[in-house]
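Please walk me through this structure, with the viewer open, one selection at a time. Tell me what to select and what is there.

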Amino acid sequence: AEVIVRRSIPESFNDWMDLMNETAKQFGKIDYFLYFATCYHSNEVTAMNDTKIIQKLMYTNFTRPVQAISAAIPVLQQHNGQVGLIMNEADGPGAAGKSLYMASKRALEAFAA
């Protein structure tokens with residue numbers, strides 16, 4: 001078995017599709033696609049007034065993983081592959097400064113279900 005570890009993250013759905021197709025072409029198939037969902041949040045309540053921080057939080061915690069998984073699924077289906085989403089559990093109530101963080105984690109859990 002060969003494992004590919006990629007530390008740089010593609011920026012768009014099309015970049016993810018290219019990566020999936022290139023990998024399948026190089027190795028003949030993809031058995032597993034594991035995505036470690038990065039956790040970004042700010043503990044400062046005042047940061048939630050900053051649109052750039054809010055956008056970064058949602059992009060990192062929700063949009064980027066959804067792009068990756070959505071691009072992987074068609075290629076994995078061709079090869080009977082599987083997706084693994086590695087993330088911490090979004091447990092408990094939202095706290096001051098963490099409500100968007102919790103919302104993004106719960107949205108990703110719902111997407112993956």
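Select helices α1 and α2: their crossing is right-handed. This is a predicted model. Helix α1 covers residues 13-27 and helix α2 covers residues 51-78. Their axes come within 8 Å and cross at roughly 40 degrees.

Next, show the side chains where the two helices touch. From α1, pick F13, W16, M17, M20, N21 and A24. From α2, pick R64, Q67, A68, S70, A71, A72 and V75. Colour this contact by residue class, and 9 nonpolar, 3 polar and 1 charged residues appear. The spacing of such picks along a helix has a general background: an α-helix has 3.6 residues a turn, so residues three or four places apart point the same way.

Now keep α2 alone and go along the helix. Stop at I54, which lies in α2. Is I54 buried or exposed? Neither label fits, because its relative accessibility is 25% and a residue between 20% and 50% counts as partly exposed. Add L100 to the selection: this residue is 46 residues from I54 along the chain, yet their C-alpha atoms are separated by 7.6 Å.

Move on to Y59, where α2 bends by about 45 degrees. Then pick the end C-alpha atoms of α2, which are 40 Å apart. That agrees with the expected span, because 28 residues at 1.5 Å a residue should also give 40 Å.

Last, step just past the end of α2 and select N80. Here the backbone has a positive phi of about 55 degrees.

Technical notes: Residues numbered from 1 in each chain as written. Predicted model: local features only at pLDDT ≥ 70, side-chain atom pairs only at ≥ 80, totals over all residues. Heavy atoms only, no water. Axes fitted to C-alpha atoms, helices over the stretch in contact; angles between N-to-C directions. Helix = DSSP H or I, 4+ residues; strand = E, 2+ residues; numbered from the N terminus. Left-handed = near helix turned anticlockwise from the far one by under 90°. Contact = heavy atoms within 4.5 Å. Nonpolar A, V, L, I, M, F, W, Y, C, P; charged D, E, K, R; others polar. Buried < 20%, exposed > 50% of the residue type's maximum accessible area, 1.4 Å probe, protein only. Expected span 1.5 Å × (residues − 1). Bend = angle between axes of the 7 residues up to and from the residue.
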